[in-house]
Amino acid sequence: MRSNLVILTGAGVSAESGVPTFRATDGLWEGHRVEEVATPEGFAANQALVQDFYNKRRALLPTAQPNAAHRALAELAARWDGDFLLVTQNVDDLHDRAHAEIKAAPGFRLIHMHGELLRARCTVTGRVCDWTGDLDPYHESHFDPDGWLRPHIVWFGETPLELERIYAALERCDLFVSIGTSGAVWPASGFVREAALAGARTVEINLEPSLGAEMFDDGVYGPATEAVPAFAQSL
């Protein structure tokens with residue numbers, strides 16, 4: 001029987017690849033207040049600071065490589081008999097690279113719900129383009145002369161991407177797996193409830209129980225590079 005699978009991943013799946021999780025226990029992102037570098041208001045107040053912050057994050061990406069957790073999910077997608085949706089809160093490209101190495105199943109889809117570091121967005125038209133280099137302060141948009149290019153990142157106060165597709169998949173999924181996420185950021189923290197209402201089995205894979213661990217049917221705890229391959233193999 002075909003089964004529909006929805007997987008949510010967070011910073012914990014990329015941490016072992018050396019990708020910074022941004023927000024530390026003191027609430028700062030690489031030494032900056034969230035309001036300064038992760039809100040539309042922060043961008044309007046100091047474009048130079050915000051562009052420099054994401055330029056540095058973008059420049060680090062080539063030094064990070066997909067780890068065993070990314071590869072295990074790519075291999076799972078390649079053999080999955082049913083719809084497979086991978087939703088990631090991460091803005092890195094490690095899932096993309098892992099799946100590019102392995103031929104994914106026809107039903108596989110990947111959604112970066114919080115945007116992507118390697119893309120830029122026009123402030124006027126909303127159009128998006130690939131972008132691997134630096135963005136200058138007040139970087140003129142080639143889509144509209146009155147616009148600027150900004151990081152294609154969903155900041156606080158903005159709506160995550162492709163929520164309609166995500167909720168549609170959750171409504172018909174048979175298995176929902178949350179990997180490496182704290183369960184503190186809405187709306188992703190509510191996905192487990194949506195899946196449970198649809199009758200899906202729900203599983204959390206994390207270094208330690210998340211804030212919403214009690215909402216899951218099962219929990220698997222340990223480093224992502226160990227726990228994810230083992231769980232994927234069990235399916």
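Begin by selecting Asp52, which is partly exposed in this predicted model, its relative accessible area being 34%. Next add Lys56, also in the partly exposed class at 46% relative accessibility. The two side chains form a salt bridge, with 3.2 Å from N to O. Colour helix α3 (residues 47-60) to see the setting: Asp52 and Lys56 lie about one helical turn from each other because they are four residues apart in that helix.

Now select Glu162 and Arg165. These residues make another salt bridge, in which the closest N and O atoms are 2.2 Å apart. Glu162 is partly exposed, with a relative accessible area of 36%. Arg165 is likewise partly exposed, at 35% relative accessibility.

Move on to helix α6 (residues 163-171) and pick out Tyr167 within it. Tyr167 has a relative accessible area of 25% and is partly exposed. Display the side chains around Tyr167: beyond residues up to four places away in sequence, Tyr167 touches Pro187, Phe191 and Glu194. A C-alpha to C-alpha line drawn from Tyr167 to Phe191 spans 7.9 Å, although 24 residues separate the pair in sequence.

The next selection is a set of three elements. Show strand β9 (residues 175-179), helix α7 (residues 191-197) and β10 as ribbons; together they make a right-handed β-α-β unit. The strands β9 and β10 run parallel and are joined by five bridges. To find one point of reference along this pairing, select Phe176, which stands opposite Thr202 in β10.

Keep strand β10 (residues 201-206) in view and show its surface. How many of its six residues are buried? Five of them are, and the strand is mostly covered.

Add strand β11 (residues 218-221), which runs parallel to β10 and is joined to it by four bridges. Here Ile205 faces a partner in β11, standing opposite Val220.

With both strands still displayed, select Arg201 and Asp218. Their side chains meet in a salt bridge of 3.2 Å, N to O. This pair links distant parts of the chain, as Arg201 belongs to strand β10 and Asp218 to strand β11, 17 residues apart. Arg201 counts as partly exposed at 38% relative accessibility, and Asp218 does so at 34%.

For the last stop, select Arg33, Glu35 and Glu36, which are joined into one network by salt bridges that share partners. To place these stops in context, the whole structure contains 11 salt bridges.

Note on methods
Residues numbered from 1 in each chain as written. Predicted model: local features only at pLDDT ≥ 70, side-chain atom pairs only at ≥ 80, totals over all residues. Heavy atoms only, no water. Helix = DSSP H or I, 4+ residues; strand = E, 2+ residues; numbered from the N terminus. Buried < 20%, exposed > 50% of the residue type's maximum accessible area, 1.4 Å probe, protein only. Contact = heavy atoms within 4.5 Å. Pairing = 2+ DSSP bridges. Right-handed = clockwise from strand over helix to strand, strands pointing away. Salt bridge = Lys/Arg side-chain N within 4 Å of Asp/Glu carboxyl O.
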